[in-house]
Amino acid sequence: MTEKQDPRSNIILIGMPGAGKSTLGIVLAKIMNYNFIDADLVIQNQCDKTLQRLIDACGPEGFIQVENEILSGLEAENSIIATGGSAVYSDEAMKHLAEIGRVVYLQITLDELKNRLHDLQERGVVLKGGIGMSLEELYDERLPLYEQYAEITVDVNGLNITEAARKVAEALS
């Protein structure tokens, strides 16, 4: 008898830009002996453009559509998947990710976010409200979405990457 693979063997990280999804994801993958997938890099590779160039070319809505298509088709096992902060705009993608893994929201306060993020335009951040959108408006817009899709919420305020990764690993066990 062959052992059936757990269809939800992945860990999906969601949260604001600057919450540490990619950096923490790498450390978490080492702690848990998992693979690591950075969804933003998958998108960049498939589209052959940086996120910022993609956003500039397609506009925020067009980028969200591309992100939705790529994330909805993502297949992985035993992987930590760091999503882009805007993944929660795509209900279809989030439903697919929840089917293949447990969704973990890396929660940070607005003040912590302001300390970590300096230039939204440089990071390839999707601003649905346009480039004039403030960090506070972005935070207020996305917060309910992160809370809606999160299966597990981990407060990573004031923690270094290793401490935060250990806290996530603990929350998963």
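Q: Hi! Which residue does glutamate 151 form a salt bridge with?
A: Hello! This is a predicted model, and in it glutamate 151 pairs with arginine 8. Their closest N and O atoms are 2.4 Å apart.

Q: Where in the chain do glutamate 151 and arginine 8 sit?
A: In distant parts, 143 residues apart. Glutamate 151 is in the loop between α7 and β5, while arginine 8 lies in the segment before β1.

Q: And is glutamate 151 buried or exposed?
A: Somewhere in between: glutamate 151 counts as partly exposed, at 42% relative accessibility. Arginine 8 is partly exposed too, with a relative accessible area of 30%.

Q: OK, how many salt bridges does the structure hold?
A: Three. Besides the one between glutamate 151 and arginine 8, lysine 95 forms a salt bridge with aspartate 91, with 2.7 Å between the closest N and O atoms. Glutamate 112 also forms one with arginine 116, where that distance is 2.9 Å.

Q: How many residues apart are lysine 95 and aspartate 91?
A: Four, within helix α4, so about one helical turn separates them. Aspartate 91 is partly exposed, at 33% relative accessibility.

Q: What about glutamate 112 and arginine 116, which helix are they in?
A: Both are in helix α5, which covers residues 110–116. They are four residues apart, so the separation is again about one helical turn.

Q: Is glutamate 112 buried or exposed?
A: Glutamate 112 is buried, with a relative accessible area of 18%. Its partner arginine 116 counts as partly exposed, at 26%.

Q: Switching topic: how many disulfides are there?
A: The count is zero. Cysteine 47, for one, is in no disulfide.

Q: Why is there no bond between cysteine 58 and cysteine 47?
A: Because their sulfurs are too far from each other: the sulfur of cysteine 58 is 7.1 Å from the one in cysteine 47, its closest cysteine sulfur. The cut-off for a disulfide is 2.5 Å.

Q: How accessible are those two cysteines?
A: Cysteine 47 is partly exposed, with a relative accessible area of 24%. Cysteine 58 is partly exposed as well, at 36%.

Q: Last topic, aromatics. What does a search of the whole structure find?
A: One aromatic pair. Tyrosine 105 and tyrosine 146 are stacked, at 5.3 Å centre to centre with 20° between the planes.

Q: Where are those tyrosines?
A: Tyrosine 105 is in strand β4 and tyrosine 146 is in helix α7. They are 41 residues apart, and the pair links distant parts of the chain.

Q: Are they buried or exposed?
A: Both tyrosine 105 and tyrosine 146 are buried.

Technical notes
Residues are numbered from 1 along each chain as its sequence is written. This is a predicted model: local features need pLDDT of at least 70, side-chain atom pairs count only at pLDDT 80 or more; totals for chains, interfaces and linings use all residues. Side-chain values use heavy atoms; hydrogens and water are left out. Rings of Phe, Tyr and Trp (its six-membered ring) pair if their centres lie within 6.5 Å; planes under 30 degrees apart count as stacked, over 60 as edge-to-face and the rest as tilted. Helices (H or I, at least four residues) and strands (E, at least two) are DSSP runs, numbered from the N terminus. Buried means under 20% relative accessible area, exposed over 50%, partly exposed in between (1.4 Å probe, protein chains only). A salt bridge is a side-chain nitrogen of Lys or Arg within 4 Å of a carboxyl oxygen of Asp or Glu.
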